[in-house]
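Biologist: Please pick one part of this model and take me through it closely. I'd like how its pieces sit together, and then how that part fits its surroundings.

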Amino acid sequence: MPDLFETFLTSPLGKALAPKVGLPQPVTLRRGRVLPSGGIALASLPGAGLAAEALRLLEIVPVPAVRDDPEARVPDAEGRPKPPRYEERIGALVIDASTLTRIDELEHLRAWLRPAVRGVQPSGRIVLVAPEPESADGVEKRAVFHAVDGLNRSLGKELRHGVTTNLVYVAPGVTAAALTSTLLFLLEGRSAFVDGQSWRVGPADVAATSARALAGLVVVVTGAARGIGARIAEVAARDGAHVVAVDVPQAGEGLAEVANTLRGSALQLDITAPDAAARIAAHVAQTLPGRRLHAIVHNAGITRDKLLANMDESRWAAVLEVNLAAQVRINDALLDAALPGGLADGGRIVGVSSTSGIAGNRGQTNYGASKAGVVGVVRYLAPRLADRGITVNAVAPGFIETDMTAAIPPVSREIFRRTNSLQQGGQPVDVAETIGYFLDPASAGVTGQVIRVCGQNLVGA
Amino acid sequence: MSDRTAVIVGGNRTPFAKIGGPYAHASSRDLLIAAIDGLVARFGLAGETVGEVAAGAVLRHTRDFNLTREAVLGSALAPETPAVDLAQACATGFETVTYVANKIRAGQVDVGIAGGVDSASDAPMAANEGLRRALLRLNAARTLQDRLLALTALRPGHVVPEAPVVREPRTGLSMGEHQAVTTKAWRITREAQDELAAASHHNLAATWASGFFDDLVTAYLGLATDGLLRADTSTQKLAKLPPVFGDGPEATMTAGNSTALTDGAAVVLVAEEGYARRRNWPVLARIVDVEVAAVDFVSGAEGLLMAPAYAVPKLLDRQGLGLGDLTYVEIHEAFAATVLSILAAWSDDEFCRTRLGREGAYGTVDRDRLNVTGSSLATGHPFAATGARIAATLAKLLHRSGPGSRGLLSICAAGGQGVAAVLEGM
């Protein structure tokens, strides 16, 4: 539903006035499992073939990328050299820089990116693929690998009309198949509100991604009765999962509706109960005999905002218990390989952090602590569960249009909503889609990552 | 005897609400759909066809002639799921369980849903008899003159509809008035009734706090716990209420120790044991045996709500059991005095000799085993829903006690009837 500001902008007066006074002009973002309508341009550094092979596995036939080399420029009417242009607007530009080694090679990236900035259609994509910095065996390599991150983040702030840019760092040994889930997620509308981000894809022995990636798998989503949790459940079900929707008994009516609509099942449960994990596992074993859990998504969360000067122990404890301690206990119990209905090897643990936990937020010391704690869970568990093929990741939503953010006073809300590169709030489904990407069995190489779903919010990096 | 065993797998109900409360605008069908959908969600049955859904309602509109089938069509179950309406007044909610269990034992279905619903808020208002006759005459009139004549028969008083009352057609007495006679006959004191009522509230409050109902109740229309529950009530507070049934200084029955008019729905999932185990469903308790008794209350020979006093001994004798063999006893609290009158009768030598044909007193029920999670005084009593509420709760209690533990439930009903059943923990 459009907010008041967007209603104004789409009115005749707003349309005339907004560009003149420099008001943000958000566009309706492309969402869902939808590729851009324009072509996917591919540019690869000499020797780089990873992205080309991944696109081939995805059955995407790329179009040639236009380069801004000095000799390719043609003078305009006034004799100024103009860079070459795309004949037709492209839907995305993928630059495979996985063989990058020297600083001067960044010129290739500039040359490919310059025509794309104006040549990419609204809600189009820039995807950069570069070697992960930790793999560098020399100072120049490490420097240039990092340099791509700065390029990506700065470019994100220049792109308009819902175009996003993101950087995929690939570890040595990554196969094209292991890259497919990430590449498809970035190209499709699923990544609409992920912008200016970079994360790592490691090696994994997987087949290429598919639209029904979760078919036959069981996914537990906590806090699933409404809002972001309900969207996570929907996305997982769309991708084929049997969803076990978990929420507190007070939210039971909405929970039952979500579960029944998705042909999943509902489990009424306070996740802070000592036997919460046992009941989740028992429910999985009962509803789907003989099956283990593919994934648990720890979405349930609460806020009890107060300035620290006014913060009592009950507000403090409630937030830390629900948002952090409960999931630590539940993970621990579900990781017991002998527990029927526990987490399967090759499974997924997904946390929900927040930009409040990364950048901090006034009035949210308890919430910020809990959400930064989620990052700690990811960092600790990911390497330790790698041998079981279990990935551990988190999303960190920025301003998402939910009941929670609707309660923010109007002026502050408007500021939070607009101060990102996409000049609008994200939708709950944007968070859900990023989680769905983590859940994909083809995303086995993605672990230990915290992906911000914030439209490249100006605060918090 | 069939080698097929019918077991209770789980249950679901809406929280029960006082008449005119949060469910004031929900129809009986809405409530039944909510109860079914909560159960469907709990067991992941959306889109599935189950063998049969049996339910009923005591108060019902003519438009609800196919209530259960309509509820199934409005639910998340597959539309190919058959349904049946049954009625046995307040025993409906367990008679449906009996019906499904018997079909399972007979091999006709493997799984079914049984329950009931009642909405005192959605009760039909009958057209007042004078209006009804005038309108029928108007309808039959053929000439303008006849029509005008028919219209002149209308009186202002005719527009007042007849509100529903729980009144016995053959005696003209309400249920409370009937019970007041029984209460007096068995000399049940006000204090004993208030004590039972307070215990019902305290037991129910503790059960809610323990999370016991997490997998038995699904919130509905913003109500997440039973609306009639008063966790902070006490015998002192209850003692202050004025009597509402009975006459003079001996009147002891108050709004506090009588059930209130209630809106709500409850269902249980019943399955053949092997089928349930193949699906890895929790096998809570098996339905061992059921007995329905009826008494002659019209002549005054027996109290209206005393049928369970007859049904239970007959049932337990048939199973070779005594009151002492039961881990839990659920006696529906239509009124606190109903429970106490039944217990008093079983302790009375003369009653047991002359009415039950026994050698002496039948026995006593340990209060620690009676209605341990609270009963209808605290939970409320949407008539046809109560049987399914008790069945699911008792099955879960027995499952916790372990295999072989036995529980008894009894429910009195209008028309001088009463149902009793034995469940056994699995």
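Modeller: Let's go through the parallel sheet of chain A, then step back to the whole chain.

A word on ground rules: this is a predicted model, where local features need pLDDT of at least 70 and side-chain atom pairs count only at pLDDT 80 or more, while totals for chains, interfaces and linings use all residues. Residues are numbered from 1 along each chain as its sequence is written, chains are lettered from A and ligands numbered from 1, in the order in which they are written.

Now the sheet. In chain A, 6 strands line up as β2-β1-β5-β6-β7-β8, making an open sheet with parallel pairing (strands are DSSP E runs of at least two residues and helices H or I runs of at least four, numbered from the N terminus; two strands pair if DSSP finds at least two bridges between them). Backbone hydrogen bonds are what pair strands in a sheet, parallel or antiparallel. At the edges of this one sit β2 (63-64) and β8 (198-201) of chain A, each pairing on one side only. Zoom in on the β8 edge: strand β7 (residues 164-170) of chain A runs parallel to β8(A), and 4 bridges join them. One bridge to look up is that of A:Tyr169, whose partner in β8(A) is A:Arg200.

Helices come next. Helix α3 (residues 50-57) of chain A packs on the sheet and touches β1 (39-44), β5 (90-96), β6 (120-131) and β7 of chain A (contact: C-beta atoms, placed from the backbone, within 7 Å). The direction of α3 makes about 150 degrees with that of β1(A) (axes are lines fitted to C-alpha atoms, for helices over the stretch in contact; angles between N-to-C directions run from 0 to 180 degrees). Then there's helix α5 (residues 139-158) of chain A, lying across β6, β7 and β8 of chain A at about 165 degrees to β7(A).

Stepping back, chain A has 15 helices and 15 strands. Its radius of gyration is 23 Å, close to the 23 Å that the globule rule gives for 461 residues, so chain A is as compact as a globular protein of that length (C-alpha atoms; the rule is 2.2 Å times the number of residues to the power 0.38). The C-alpha trace of chain A spans about 75 × 50 × 40 Å along its principal axes. Among the contacts in chain A with a separation of 6 or more, 76% link residues 24 or more positions apart.

How values were computed
Contact = placed C-beta atoms within 7 Å.
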